[in-house]
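Student: Could you pick a single part of this model and take me through it closely? I'd like to see how it sits in its surroundings, and how far I can trust the coordinates.

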Amino acid sequence: MALWMRKSLKTFNNFKCIMGSFAMINQTSSWSSSFIQNLRNPYSHFGNLPTLFYSSGVESTTAQNQSDSSFNSGCSQQVMDFPGGKVRFSPEMKFISESPEERVHCYQVLDENGKPITGSNYIQVSEEVALKMYSNMATLQIMDTIFYEAQRQGRISFYATTIGEEAINIASAAALTTDDLVFPQYREPGVLLWRGFTMQEFANQCFSNKADYGKGRQMPIHYGSNKHNYFTVASTIATQIPHAVGAAYSLKMDKIDACAVTYFGDGGTSEGDFHAAINFAAVREVPVIFICRNNGWAISTPTSDQFRSDGVVVRGQAYGVRSIRVDGNDGLALYSAVHAARNMAINEHRPILIEALTYRVGHHSTSDDSTKYRPVDEIEWWKLARDPVTRFRKWIENNGWWNGERETQLRNSVKEELLHAIQVAEKVEKPPVADIFTDVYDVPPSNLRVQEKLLRETIERHPQDYPSDVPK
Ligand SMILES: Cc1ncc(C[n+]2csc(CCOP(=O)(O)OP(=O)(O)O)c2C)c(N)n1
Ligand SMILES: [Mg+2]
C-alpha cells in the first residue's frame with residue numbers, strides 16, 4: 001500500500017508538471033493532500049476540467065476518420081510515463097475512429113490470370129515445390145468430391161469440404177516445416193496431406209474403422225497424427241487456439257527451432273478463446289502463427305453479424321501482434337506471407353496473425369444447405385472466377401511446368417488411389433465397443449462402467465439399431 005502511495009505521488013507530481021503548462025492547476029499543498037485523501041477516486045479532482053478544456057478549444061467531439069499518421073495530430077510535447085509506457089498528451093478531445101477511411105490492404109501476388117503482379121514482392125517457389133503444391137490442391141478437390149459423394153450415399157456419416165480454401169491449406173503447409181506444430185480447426189486437411197498423410201489414412205478416419213488413430217471415436221474429418229505433428233481436430237470452435245499458444249510457449253522455453261501454427265475461421269474469432277490466446281501470445285512473446293481463414297461465413301452467420309471491425313487483421317494490432325491480410329485464393333501470396341511469418345515468429349520470438357480473405361464455396365458441411373441463406377450467383381462467382389486452384393494452375397502453366405496431359409494423368413491416378421482406399425477402409429473391421437470407454441482414465445471409474453453395461457444391454461435388446469460389424 002505504502003509503495004502504491006509513493007508511486008501515486010510520483011505519478012501525480014509528473015502530472016502536475018504537465019498540467020502546469022496549461023496554467024490550470026493551483027499548485028497548493030492542500031490540493032495535493034486532498035488528492036491523496038481521494039486516492040480511491042483520483043479523477044474526482046478533475047470535475048472542473050471540462051470547462052477549462054472547452055476554454056482551450058475543442059474542435060469536435062465526433063470521431064473522425066483518420067489514418068494512423070493523423071491519429072495523433074494536435075499532440076502537445078508533454079509526455080508522461082504511465083504504467084505500460086510513455087504517452088503524449090493532447091489538448092484535443094479526439095475519439096479514435098471506429099473504422100478507418102480505407103480498409104487494410106490485401107497482399108496479393110498472382111492476378112486472376114495467374115500472372116505475378118508487376119512490382120509484387122514474393123518468395124520464389126521452385127518448380128518441384130510448385131508442382132507438389134498444385135498436385136496437393138487438386139488432390140484436395142478430388143477428396144472433397146469423392147468423400148462428399150460417399151456421405152450422400154450413406155457410406156460415411158458426415159463430411160466438410162475445403163472448396164475455395166485449397167490454397168490456404170496447401171500454400172501455408174508448404175511454407176512450414178514438419179517440426180512446426182499444427183493446431184487445426186476442421187477445414188485444413190490439406191496441411192496433413194502435404195505432410196504425407198495417405199489416402200488410406202484419410203479414408204480409415206472417415207470410415208471410423210479399426211485403423212483410425214482415433215479408434216472411431218470422432219466424427220469423420222476429425223483427423224490427427226502424432227507422426228505429422230498435427231493435433232487432432234477439435235470442432236469445439238476455437239479451443240485449439242490457446243493450445244497452440246501453450247505449445248508455442250513450451251517450444252520457446254525449450255529453445256526448439258520451430259513454431260506452432262493454428263488455423264481457425266472468422267467465426268472462431270468471436271470466441272473468448274481467440275482473444276485470451278492472442279493476448280497471452282503477445283505478452284509472453286511466443287512463436288505462434290495465427291492463420292484465420294476469413295471465408296465470410298460461420299455456418300449461416302455472415303461476417304457482418306460477427307464483427308464490425310475491419311475484419312480480423314486489425315485485431316492483431318489491438319493486441320500488439322504483427323499482422324497481415326492476404327488474398328486467401330492466391331497460393332504464392334500465402335506461401336510468401338507464411339514463410340515470412342515463420343521466420344519472424346521463430347527468430348524474433350513473436351506471434352504473427354495472418355488473415356486470409358476467401359470464401360467458403362461449399363456448404364458448411366453435409367448437414368447444411370447454404371443456398372437457403374446466400375445467393376447461388378455469389379457462390380458460383382467465387383467458384384468460377386476466383387478459384388485458387390485454377391489461378392495456381394495458370395501460373396505453373398505460364399511457367400511451362402504443367403500441361404493438360406499431366407493434369408489428366410494426375411486426376412485419374414488420385415481418383416483411382418482414393419477409390420481403392422475407400423474400398424479397403426470399408427472392409428476393415430470397426431473398433432470394438434470397449435474402445436469407447438478407454439484411454440481417458442487409467443482405470444475406468446464406476447460411472448463409465450455403468451454406461452458400458454447399459455450400452456451393451458441396449459445393443460442386445462435392439463440389434464437392428466446398431467451396426468452388425470462392430471465387434472463386442
Ligand atoms: C464452441 C462451439 N460453438 C458452436 C459450434 C457450432 N459450430 C460448428 S462450426 C461453426 C461455425 C464456425 O465458423 P468459422 O469459424 O468461420 O469456420 P468455417 O466453418 O467457416 O470454416 C459453429 C458455430 C461449435 N462447434 N463449437
Ligand atoms: Mg468462416
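**A close look at α8 and the loop before it**

Tutor: Of the protein's 472 residues, 34% count as buried; that label needs 20 or more other C-beta atoms within 10 Å of a residue's own, while exposed is 12 or fewer, partly exposed is in between, and C-beta atoms are placed from the backbone. This is a predicted model, where local features need pLDDT of at least 70 and side-chain atom pairs count only at pLDDT 80 or more, while totals for chains, interfaces and linings use all residues. Residues are numbered from 1 along each chain as its sequence is written, with chains lettered from A and ligands numbered from 1 in the order in which they are written.

Confidence next. Mean pLDDT (the predictor's confidence in each residue, from 0 to 100) is 87, and 84% of the residues reach 70 or more. Residues 1-70 fall below 50, though this stretch still has 42 contacts in the model beyond near neighbours in sequence; a contact puts two C-beta atoms, placed from the backbone, within 7 Å. Where pLDDT is low, the predicted coordinates should not be read in detail.

The protein has 15 helices and nine strands, which are DSSP runs numbered from the N terminus (H or I for at least four residues, E for at least two). Of the contacts with a separation of 6 or more, 74% join residues 24 or more positions apart.

Now to α8, residues 240-253. Its 14 residues should span 20 Å at 1.5 Å a residue, and the end C-alpha atoms are indeed 20 Å apart; the expected span is 1.5 Å times one less than the number of residues. Buried here are Q240, I241, A244, V245, A247, A248, L251 and K252. Looking down the axis, these buried residues fit within an arc of 165°, so they line one face of the helix; the arc is taken over directions from the helix axis to the C-beta atoms. Their cover includes β3 (181-183), β4, α9 (272-284) and β5 (288-294). On the face turned away from the buried side you find S250 and M253, both exposed.

Both flanks of α8 have a backbone quirk. Most residues other than glycine have a negative phi. Yet K255, just after α8, takes a positive phi of about 55°. On the other side, A238 sits in the loop between α7 (199-206) and α8, and its phi is positive too, near 75°. A238 counts as buried because it has 22 C-beta neighbours inside 10 Å. Beyond four places in sequence, it contacts F264, G268, E271, D273 and F274. With E271, 33 residues along the chain, the C-alpha separation is 6.4 Å. That same loop between α7 and α8 also holds K215, another non-glycine with a positive phi, about 55°. K215 is partly exposed, having 17 other C-beta atoms within 10 Å.

Finally, the ligand. Ligand 1 is surrounded by 16 residues, the closest being I237, G265, G267, G268 and A298; to count, a residue's C-beta atom, placed from the backbone, lies within 6 Å of the molecule. The elements giving two or more residues to that shell are β4 (260-265) and β6 (297-298).
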